[in-house]
Amino acid sequence: MSDVLLSLRDVRQTYGDGEAAVNVLTGATLTINRGEIVALVAPSGAGKSTLLHICGLLERPTGGDVDIDGERTSKLADRQRTLLRRHRIGYVYQFHHLLPEFSALENITMPQLIAGEGQGTADERSKALLDIMGIGHRAHHRPAELSGGEQQRVAIARAAANRPSLVLADEPTGNLDPATSDTVFAALSDLIRQQNAGCIIATHNHDLARRADRVVTIVQGKVEPLAL
Ligand code: ADP
């Protein structure tokens, strides 16, 4: 199995047309290996969300190739893209979006049940994920009974519930204080390495970005390495 998990080649994304056209990505190239965490640091409006949406198959680019696990996704029909997204990709957002009436454990179990896993196996995996995230003792609490950092760790565990190859995190610590951000980032790193997944984490936090394996930015629509 190749180490390359995600490969973007010469990806272009233009919104609108004619005089109103905005060329957000103009030939973005990026490779993510298994077990690798790449931080994406760029000013607001540079195209971070656009890049993450394209990597996560939520948007089709205007041009270029997006390969996941060696599969050329531009050739796939919408239905196949949806399946790939559901089974191979996990998302973490700035706000946790947990279901308020369910416990931490249930929030992680649910996507597994939807994917066809049995209740017993799904519950066991949820417990194991909560342990990796250091919040096993909070399994039966509802989101409102958890701190911001705990809520975000549950959201990360949920993103990993179906063993995605790729985790895309958009400002996952943007809402947390520095010490809590550290804990959440450490838990996310442990998880990525244990599952041999890959991760792109968009963040404004330079201290966290330095702890990633690599830092990249977007300059005039292209992905470039960034030294912090
Ligand atoms: P970032 O996440 O770095 O702040 P975005 O990817 O959200 O940047 O946006 C990059 C640029 O593309 C911005 O100028 C934004 O206004 C524009 N943009 C994003 N999505 C759309 C869209 N669906 N239609 C038109 N313009 C868009």
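**Group meeting: the cores and a helix pair**

Okay, let's start at Val154. If we skip its neighbours within four places in sequence, Val154 touches Leu98, Ala104, Asn107, Ile108, Leu130, Ile135 and Leu146. Bear in mind that this is a predicted model.

So where does Val154 fit in? Together with Ile201, Val154 has the most contacts inside the largest nonpolar core, which has 37 residues. At least two residues of this core come from each of β3 (37-40), α3, α4, α5 (148-159), β7 (166-170), α6 (178-195), β8 (198-202) and α7 (206-210). Which element gives the most to it? That's α6, with six residues. There's another core apart from this one, with 31 residues, and Leu52, Ile54, Ile68 and Leu76 are among them. As background, nonpolar side chains in soluble globular proteins tend to be buried together.

Now for the helix pair, α3 and α4. Folks generally describe two packed helices by the angle and the distance between their axes. Here, α3 covers residues 104-114 and α4 covers residues 119-132; their axes come within 9 Å and cross at roughly 130°. That crossing angle is why α3 counts as oblique to α4. The crossing of α3 past α4 is right-handed.

Who's making the contact? On the α3 side you've got Leu105, Ile108, Thr109, Gln112 and Leu113. On the α4 side there's Gln119, Thr121, Ala122, Asp123, Arg125, Ser126, Lys127, Leu129 and Leu130. And how many of these contact residues are nonpolar, polar or charged? Six are nonpolar, five polar and three charged.

One last link back to the start: Ile108 and Leu130, both in the α3–α4 contact, are also among the residues that Val154 touches.

Technical notes. Residues are numbered from 1 along each chain as its sequence is written. This is a predicted model: local features need pLDDT of at least 70, side-chain atom pairs count only at pLDDT 80 or more; totals for chains, interfaces and linings use all residues. Side-chain values use heavy atoms; hydrogens and water are left out. Axes are lines fitted to C-alpha atoms, for helices over the stretch in contact, and angles run from 0 to 180 degrees between N-to-C directions. Helices (H or I, at least four residues) and strands (E, at least two) are DSSP runs, numbered from the N terminus. Angles under 35 degrees count as roughly parallel, over 145 as roughly antiparallel, 65 to 115 as roughly perpendicular and the rest as oblique. A crossing is left-handed if the near helix is turned anticlockwise from the far one by less than a right angle, and right-handed if clockwise. Contact means heavy atoms within 4.5 Å. Ala, Val, Leu, Ile, Met, Phe, Trp, Tyr, Cys and Pro count as nonpolar, Asp, Glu, Lys and Arg as charged, and the others, Gly among them, as polar. A nonpolar core is a set of buried Ala, Val, Leu, Ile, Met, Phe, Trp, Tyr and Cys residues joined through side-chain atoms within 4.5 Å. Buried means under 20% relative accessible area, exposed over 50%, partly exposed in between (1.4 Å probe, protein chains only).
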